[in-house]
Amino acid sequence: MVVGNSSSPRVRLIGDRPVGEGHPAYLIGEIGINHNGDLETALQLVHQAKAAGMDAVKFQKRTPEICTPRDQWDIERETPWGLMTYIEYRHRVEFGEDEYRAIDEHCRELGIDWFASPWDVPSVEFLKGFDSPVYKIASASLTDDELLSATRETGKPVILSTGMSTPEQIDHAVGVIGTENLILLHANSTYPAPTNQLNLRMMHTLMAQYPDVPIGYSGHEVGLQTTVAAVALGASVIERHITLDRTMWGSDQAASVEPVGMHRLVRDIRAVESALGDGVKQVYPGELAAMKKLRRVAGSDAS
């Protein structure tokens, strides 16, 4: 198992992939529960993410009886599968051992990373059986010290989203997890998030606060431009919810990216990364002909 820092203090290894300063952004397609409990839909989403050029897909893993408040268990709701209690619904969309074995095999065949956000300690134990390269802590779980500690004890890198959290809560969570294997994601946890509340410059605040930690962005907005802008601002990791069709049933679908959008997002992010360059001024070969044709007075080469 390879974990920890690379040669730069703001780099982590996810499997054998360096993630952080000086490396291409690590692109995550957040499937979450957009599969609606259907394995075939999940596998199709994995395929689409790989085809688009994403580096990883992410799921969510819950123990429904732990993660669902007891007073909500028996509340009935309309679902695509008929009227059912909320706890029945939570079980209906939850994958178990067989489904994750199929997902694990499919991802290995395609050559794409997969991992999940555990929402409780038993789910951390469940995910240990798959040797995923990294764990993700959702913004909603940032204040769950027991979960943070259990995830840290896996020894794997931990990606922590910071939506719906105060600076004090973020700092406390960082203290529990430690910075050695940590990656932080700025996020706004509104679904979908208004553009004027994305506050992308918060990534720079996190970079200044935690100089040894790679910083990324988990986007819940509609559209792609602002996510691409996050890369221009230095995001080392990008996470966006993905779906086969935004009109599908589910609370996360509207803020998700469809297959065509996945391809555009990856294309534009890689183009921006290529365009950023190294900040060292030079005269490129393609400029020489223009210089010869257009420059009337030769400049000095003296320093």
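Me: Let's start with a pair of strands: what do β5 and β6 form, and how many residues lie between them?

Reply: This is a predicted model, and in it β5 and β6 make a hairpin with two residues between them. To read a hairpin, look at the direction of the strands and then at who faces whom. Strand β5 (residues 76-79) and strand β6 (residues 82-85) run antiparallel and are joined by four bridges. For one facing pair, find E78, which stands opposite L83 in β6.

Me: Okay, now a helix. How many residues does helix α1 have, and how far does it reach?

Reply: For a helix, you can compare its end-to-end reach with what is expected at 1.5 Å a residue. Helix α1 (residues 39-52) has 14 residues and spans 20 Å from its first C-alpha to its last, close to the 20 Å expected.

Me: Which residues of α1 are buried, and what covers them?

Reply: Buried here means under 20% relative accessible area. In α1 that applies to T41, A42, L43, L45, V46, A49 and A52. The cover over these buried residues includes β3 (26-32), β4, α4 (97-110) and α10 (259-276). Right after α1 ends, look at G53, which takes a positive phi of about 100 degrees.

Me: What about a strand? How many residues of β12 are buried?

Reply: Five of its five residues, so by the under-20% cut-off β12 is mostly covered. With a strand, check each face in turn. On one side of β12 you find V237, E239 and H241, and on the other I238 and R240; all are buried.

Me: Which strands pair with β12, and in which sense?

Reply: β3 pairs with β12 in the parallel sense over five bridges. Strand β11 (residues 215-219) also runs parallel to β12, joined by three bridges. You can pick out one facing pair for each: Y26 stands opposite V237 in β12, and Y217 stands opposite I238 in β12.

Me: How do I go looking for empty space?

Reply: Rolling a probe the size of a water molecule over the atoms shows where empty space is left. In this model, the largest pocket has a volume of about 650 Å³. Of the 34 residues that line this pocket, Q60, R62, W119, A140 and Y191 are the closest to its centre. The elements giving two or more residues to the lining are β4 (56-61), α3 (86-92) and β12 (237-241).

Me: Which element gives the largest share of that pocket's lining, and how is the lining divided by class?

Reply: The largest share comes from α3, with three residues. By class, the lining of the largest pocket has 12 nonpolar, 13 polar and nine charged residues.

Me: And how many cavities of 30 Å³ or more does a search of the whole structure find?

Reply: Two. The largest cavity has a volume of about 50 Å³, and its lining is made of I33, N34, N36, Y89, W249, G250, S251 and D252. Those residues divide into three nonpolar, four polar and one charged.

The second largest cavity holds about 30 Å³ of space. Its lining residues are L27, I28, M54, I238, R240, L265 and V266. The elements that give two or more residues to this lining are β3, β12 and α10. By class, the second largest cavity is lined by six nonpolar, no polar and one charged residue.

Me: N36 turned up in a cavity lining. What is its phi, and where is its place?

Reply: N36 has a positive phi of about 55 degrees although it is not a glycine. Its place is in the loop between β3 and α1.

D131 is another residue to look at: its phi is positive, about 50 degrees, and it is not a glycine either. You'll find D131 in the loop between α5 (121-128) and β8 (135-137).

Me: Why does N36 count as buried, and is D131 buried or exposed?

Reply: N36 counts as buried because its relative accessibility is 11%, and the cut-off is under 20%. D131 is exposed because its relative accessible area is 53%, and exposed means over 50%.

Me: One last feature: which residues does a cis peptide bond join?

Reply: Check omega for this one: the cis peptide bond joins Y191 and P192, with omega at about -10 degrees. P192 lies in the loop between β10 (182-187) and α8 (202-209). You've met Y191 already, among the residues closest to the centre of the largest pocket.

Technical notes
Residues numbered from 1 in each chain as written. Predicted model: local features only at pLDDT ≥ 70, side-chain atom pairs only at ≥ 80, totals over all residues. Heavy atoms only, no water. 1 Å grid on protein atoms, 1.4 Å probe; cavity = no way out; pocket = protein on both sides within 12 Å on 5 of 7 lines; lining within 4 Å. Points joined across faces, edges and corners; volume = space filled by probe spheres on them. Nonpolar A, V, L, I, M, F, W, Y, C, P; charged D, E, K, R; others polar. Pairing = 2+ DSSP bridges. Expected span 1.5 Å × (residues − 1). Buried < 20%, exposed > 50% of the residue type's maximum accessible area, 1.4 Å probe, protein only. Contact = heavy atoms within 4.5 Å.
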